[in-house]
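The following paragraphs guide a new reader through one part of a structure. Please keep the sequence and the model in view while reading.

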Amino acid sequence: MNNKKIKVKNICCLGAGYVGGPTMVVLAEKCPQINVFVTDIDKKKIERWNSKQFENLPVYEPGLSDLVKKCRNKNLFFTTDIQNAIQNSDIVFISVNTPTKTQGHGAGYASDLKWVESSARIVGQFAKGHTIIVEKSTVPVRTAELIQKIINHYKTDELLTDINNKKTFSVLSSPEFLAEGTAIKDLEFPDRVLIGGDDNDALDTLSLIYQEWIPIKKIFRTNLWSSELSKLTANAFLAQRISSINAISSLCEPSGADIKEVSKAIGADSRIGGKFLQAGPGFGGSCFQKDLLNLIYLCRFYNLDSAADYWEQVIKLNEWQKKRISKIIIEAFFGTLSSKKIVLLGYSFKPNTNDIRESPAISIALQLIENGATVFIHDPKVSESQIRNSIEIEETYQKTKNSINDNWSYEKDLEKIVVDADAIVIVTEWEEYFNLNWRGINKLMRRPSWLFDTRGIVNAKELEETKINFWQVGKGFLKKE
Ligand code: NAD
Ligand code: UGA
């Protein structure tokens, strides 16, 4: 707890997505003296944040709905009235999307900053008095300069005393490091918080807010560009570890080494550490690939081609791992998946979230469909319409759709979905898949039956008394009749 007094009364956040929503909910809970306005241009999203049914919130995170229940309409407000929220706020967080550009200069690599730019413009337009703008979105290094240039057009004289007409700004960078599925815990107990900037008053103001629940030694002050680049670098390092362990998983399978044993052995070295060494079907999520592409773009921009190639390999390996797993499944059926029922257990990119952005399940489902399979999908939190939107827009699907009808299906009931299945593929390690009754499932599947465990969560012993053939990532074929 800090001794200095927080002067901030109102905060607003532009963007009520996976970051803006949970981040502001935790801030509101930790700082009951501050009014927090969470805004979005998406009216439906705000309606869902205001929904009386807490299971309808647009973001699923363990612990989130309890906090919303506690703070909503007390000091936490979800609103589309962006103008009013900005006008009244001392601090505006920008937490909008920064996806990879799909067209124009830098397409396929650079981040599309149009939402950040338009945020800067509306803050410039509506802000009153002195406003601290905090970049929370993940952005390319030197984006704060772009924001500064935009808001300079709206700035009034620093010495103006008429508060109603005065407009001055400070820009800070404070990237978010939460991971989905553990967002609330990550926000409440972060490993560190970064605040980048050169305006000491603004840095003190933001630091005081964080100090309400975060020990000061975990609040790192840096310059703006270090803060922006640290975020991209952190994601690049995490993604690189996953590609490294996945590369080793492919070597374990033919050589007889066991990926779990290798991970444990190397993770015990304190210089390496045990986290992010879980082999799987490739990393997903909205950020790892996007942020790596952005980093690659920046390296090429500064003519650092070898550095760019180095990071590009992390993405290539990830793509290869997804395809490698689909190929193993297809080859187990001698290349013929037509009239085969394949069950995918899990569709979100990781457990405890309803987010499917870049989920490896999407590309695995599409590759199986392309090869003629009928794919049945189960996920505890992902909805049928989310799955439809992710599959049916893809070109691969459009091509196969004309020749094959009903090539995917959604089923919420785990007992029903396995009936007459030729194969079950565990794609996401949801808790409900850890202790499935394989002996019971064995009786319901069609022969020859297969289990492909892409997350390494099933104990081979549980399949001993079944006729299910078994493949596991980083261990290979553990049972094949
Ligand atoms: P998201 O798509 O879930 O949410 C972004 C929201 O911003 C959308 O609802 C969109 O409608 C809204 N928006 C766009 N322009 C707006 C404007 N002018 N005013 C108000 N709202 C506006 O995205 P996200 O996952 O929350 O990610 C946001 C940023 O945070 C990205 O830069 C991302 O890289 C970064 N990030 C994401 C995560 C994560 O786990 N998802 C973690 C750390 C950082
Ligand atoms: C990641 C980072 O962990 C966060 O710190 C960061 O803030 C966030 O990206 C972001 O910038 O968006 P997130 O993508 O939510 O968070 O989830 P992770 O736990 O990092 O998992 C990402 C992907 O890697 C998942 O598909 C997961 O299954 C996979 N993964 C993770 C593995 O395959 N093996 C592992 O050992 C760890």
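Which residue stands opposite Leu-451 in strand 14? In this predicted model, that residue is Phe-470. The pair belongs to two strands, strand 13 (residues 449-453) and strand 14 (residues 468-472), which run in the parallel sense and are joined over five bridges.

Strands 13 and 14 are part of a wider arrangement, an open sheet of seven strands whose order is 11-10-9-12-13-14-15. The pairing within this sheet is mixed. At the edges stand strand 11 (408-410) and strand 15 (476-479); each has a single partner strand, so one side of each is left without a neighbour in the sheet. From one strand to the next, the twist averages 20 degrees.

Helix 12 (residues 305-332) packs on this sheet. The strands that helix 12 touches are strand 9 (341-345), strand 12 (423-426), strand 13, strand 14 and strand 15. The direction of helix 12 makes about 170 degrees with that of strand 13.

Helix 12 also packs with helix 9 (residues 224-255), at an angle of about 45 degrees and with the two axes 9 Å apart. An angle of this kind is neither roughly parallel nor roughly perpendicular, and therefore helix 9 is oblique to helix 12. The crossing of the two helices is left-handed. On the side of helix 9, the residues in contact include Ala-236, Phe-237, Gln-240 and Glu-253; among those they meet in helix 12 are Tyr-310, Trp-311, Leu-317 and Arg-324. By class, this contact has 10 nonpolar, seven polar and two charged residues.

Technical notes: Residues are numbered from 1 along each chain as its sequence is written. Chains are lettered from A and ligands numbered from 1 in the order in which they are written. This is a predicted model: local features need pLDDT of at least 70, side-chain atom pairs count only at pLDDT 80 or more; totals for chains, interfaces and linings use all residues. Side-chain values use heavy atoms; hydrogens and water are left out. Two strands pair if DSSP finds at least two bridges between them. Helices (H or I, at least four residues) and strands (E, at least two) are DSSP runs, numbered from the N terminus. Axes are lines fitted to C-alpha atoms, for helices over the stretch in contact, and angles run from 0 to 180 degrees between N-to-C directions. Contact means heavy atoms within 4.5 Å. Angles under 35 degrees count as roughly parallel, over 145 as roughly antiparallel, 65 to 115 as roughly perpendicular and the rest as oblique. A crossing is left-handed if the near helix is turned anticlockwise from the far one by less than a right angle, and right-handed if clockwise. Ala, Val, Leu, Ile, Met, Phe, Trp, Tyr, Cys and Pro count as nonpolar, Asp, Glu, Lys and Arg as charged, and the others, Gly among them, as polar.
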